Amino acid sequence: MAKQEDLFKNVVSHAKEYGYIFPSSEIYDGLSAVYDYAQNGVELKKNIREYWWKSMVQMHENIVGLDASILMHPTTWKASGHVDAFNDPLIDNKDSKKRYRADVLIEDYAEKLNQKAEKEIEKASVRFGEAFNRAEYETTNPRVMEYLSKKNSILARMGKSLGDGDLADVKALIEELEIADPETGSKNWTEVKQFNLMFGTKLGASADTAMDLYLRPETAQGIFVNFLNVQKSGRMKIPFGIAQTGKAFRNEIVARQFIFRMREFEQMEMQFFVKPGEEMKWYEYWKTTRLNWHLSLGLGEKNYRFHDHDKLAHYANAAADIEFNFPFGFKELEGIHSRTDFDLKAHEEFSNKKLQYFDTEENKNYTPYVVETSVGLDRMFLSVFATSLKEEELEDGSTRTVLKLPSVLAPTKAAILPLVKKDGLPDIAKQIMADLKWDFNVAYDEKDAVGRRYRRQDALGTPFCITVDHQSIEDQTVTIRHRDTMKQDRVAITDLREIIESEVSMKNWLMKIGK
Ligand code: ATP
């Protein structure tokens, strides 16, 4: 555990030291759970957004984009159910005065049972080798069965209590399981209360005419209210999707995990409108497609898993999370929800406007069903950044810190380094930079010994270093050093563009999806 915590601390400090993420308004001691993306962070974030956008919008002829506003008519949030039901159950510890999400305390307890079962399964898989049958072991080994059935019954009971609004039972469950404050060990808890997560604001100057608004807690509603506008103006035929990325705001109860849980964050969402009755087929399709998108980044298949929801949100008839193995364990990265016709029907009712689709093949009107994919951009950032950060021991016994970002996402694709600051080498380096910057984000660095410059670029995650030396003057060649292998090749300056392109091109990376 201590090791995991150290790893996470390393991630946070590396992000600051190398210009990826700063605490917001740091000179005033920061603002809790709010962060700024720095010069390299903003590039990485933009590249993740583009990687998503290209695969979702450009590669699907039946998906189009949208950029709806953050502020919306307040009735939107009444209709969507957020005013009444966008709550988290909170609980305070009377001794430590710390506040927690009651459902998260229970989920963490259940996860520990899961980990115990996993440990047993892993031991058995080593023991039995190739002959090991996981499914059979899970359903026959008494210890594993006990862990898993306890986990399942805890989550099912919590799901039911939360669904019924029975907060007393949520507290009873915490007491029965003897869950203690993770920081102090105290079991002296208050009652469980509901807490609405929406941020309020006002529109208008005068106090009596001002209108109460909310900062949107999800981007999805901007898509629903525009459903018919997009369908008609784009002559879209069902099934079709609308995608958007943008800020969302939630007054989170507990926000202690860096950019994992922020009060202001960014979502990348796509709502896919389908014929009623076909939603389960599309739900399965998007679960697979989205997992493959994540896998294409090469962060390791073992780091992802599906988690089916035990407590369905008020709008869903099926929901699963893609969870990622963050430095603090498996947690939600993306949600895939079958939202039924809940949202469109609710907006019809509250606005008195028809939001139906006329199906020319069936010659009838209906309200489409919706399958949503919703991934947090900041959580994507954290998954990529934390997994890429490595301390490596080298053959000569020294160590290096290297940020092995998927090269398609790396902020800077190549650094151009003149070996020395004289003999015309900087001029050649600057000319290479001038040629490459049309196609790639590249950097120039002439400070310090070249070995130190390599280390700095490793820590920044730059996939290539191009070094200009005296031989370059004679034969127009340079060395190109690969970040991950540290291998150096002598290549012609005229080949650089193609070498870099083949490694960082979005096309090559996206083509891995589904393979
Ligand atoms: P959690 O259970 O972790 O609070 P959620 O189920 O409320 O998340 P959704 O409403 O499904 O999350 O939102 C979709 C995605 O938006 C999530 O999968 C996550 O990646 C991202 N997200 C949600 N809340 C936050 C937050 N406070 N900070 C950063 N990202 C967030």
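Helix α2 is the greatest contributor to the lining of the second largest pocket, supplying five residues. The structure is a predicted model, in which local features need pLDDT of at least 70, side-chain atom pairs count only at pLDDT 80 or more, and totals for chains, interfaces and linings use all residues. Residues are numbered from 1 along each chain as its sequence is written, and side-chain values use heavy atoms, with hydrogens and water left out.

The pocket encloses about 320 Å³ of space. Among its 16 lining residues, those closest to the centre are N47, E50, V408, K413 and D439. A pocket here is an open set of points on a 1 Å grid over the protein atoms alone, where a 1.4 Å probe fits, with protein on both sides within 12 Å along at least five of seven lines; lining residues have an atom within 4 Å of a point. Grid points are joined across faces, edges and corners, and the volume is the space filled by probe spheres set on the points. By chemical class the lining comprises six nonpolar, three polar and seven charged residues. In this count Ala, Val, Leu, Ile, Met, Phe, Trp, Tyr, Cys and Pro are nonpolar, Asp, Glu, Lys and Arg are charged, and the others, Gly among them, are polar.

Two helices, α2 (39–58) and α17 (496–504), each supply at least two residues of this lining. Helices (H or I, at least four residues) and strands (E, at least two) are DSSP runs, numbered from the N terminus. At the level of domains, at least three lining residues come from each of domain 1 (2–86 + 197–386) and domain 3 (412–513). The chain also contains domain 2 (91–189), with bounds taken from an automatic or database domain assignment. The centres of domain 2 and domain 3, taken over C-alpha atoms, are separated by 50 Å.

Helix α2 itself has 20 residues and reaches 27 Å from its first C-alpha to its last, close to the expected 28 Å at 1.5 Å a residue. The expected span is 1.5 Å times one less than the number of residues. Its buried residues include N47, which was named above, together with Y51 and W52. Buried means under 20% relative accessible area, exposed over 50%, and partly exposed in between, with a 1.4 Å probe and protein chains only.

A second helix, α13, offers a further case. Its twelve residues should span 16 Å at 1.5 Å a residue, and its end C-alpha atoms are 16 Å apart, which agrees. Twelve of its twelve residues are buried. Within α13 (residues 377–388), F381 and F385 stand four residues apart, about one turn of the helix. An α-helix has 3.6 residues a turn, so residues three or four places apart point the same way. Both phenylalanines, F381 and F385, are buried.

Aromatic contacts can be followed through the whole structure, where a search finds 27 aromatic pairs. One of them joins Y285 and W286 edge-to-face, at 4.9 Å centre to centre and 85° between the planes. F381 and F385 form a stacked pair, at 6.0 Å centre to centre and 20° between the planes. Rings of Phe, Tyr and Trp (its six-membered ring) pair if their centres lie within 6.5 Å; planes under 30 degrees apart count as stacked, over 60 as edge-to-face and the rest as tilted. In the edge-to-face pair, Y285 is partly exposed at 35% relative accessible area, whereas W286 is buried at 1%.

One aromatic cluster is formed by F8, Y35, F258, F260, Y304, F324, F326 and F328. Its member F258 has a positive phi near 55° although it is not a glycine. F258 lies in the loop between β9 and β10 (264–274) and, at 7% relative accessibility, counts as buried. N352 likewise has a positive phi, of about 60°, without being a glycine. N352 is placed in the loop between α12 (342–351) and β14 (357–359), and it is exposed, with a relative accessible area of 71%.

The backbone also holds a cis peptide bond from I238 to P239, with omega near 5°. P239 is found in the loop between α10 (227–233) and β9 (240–249). Most residues other than glycine have a negative phi, and most peptide bonds are trans.
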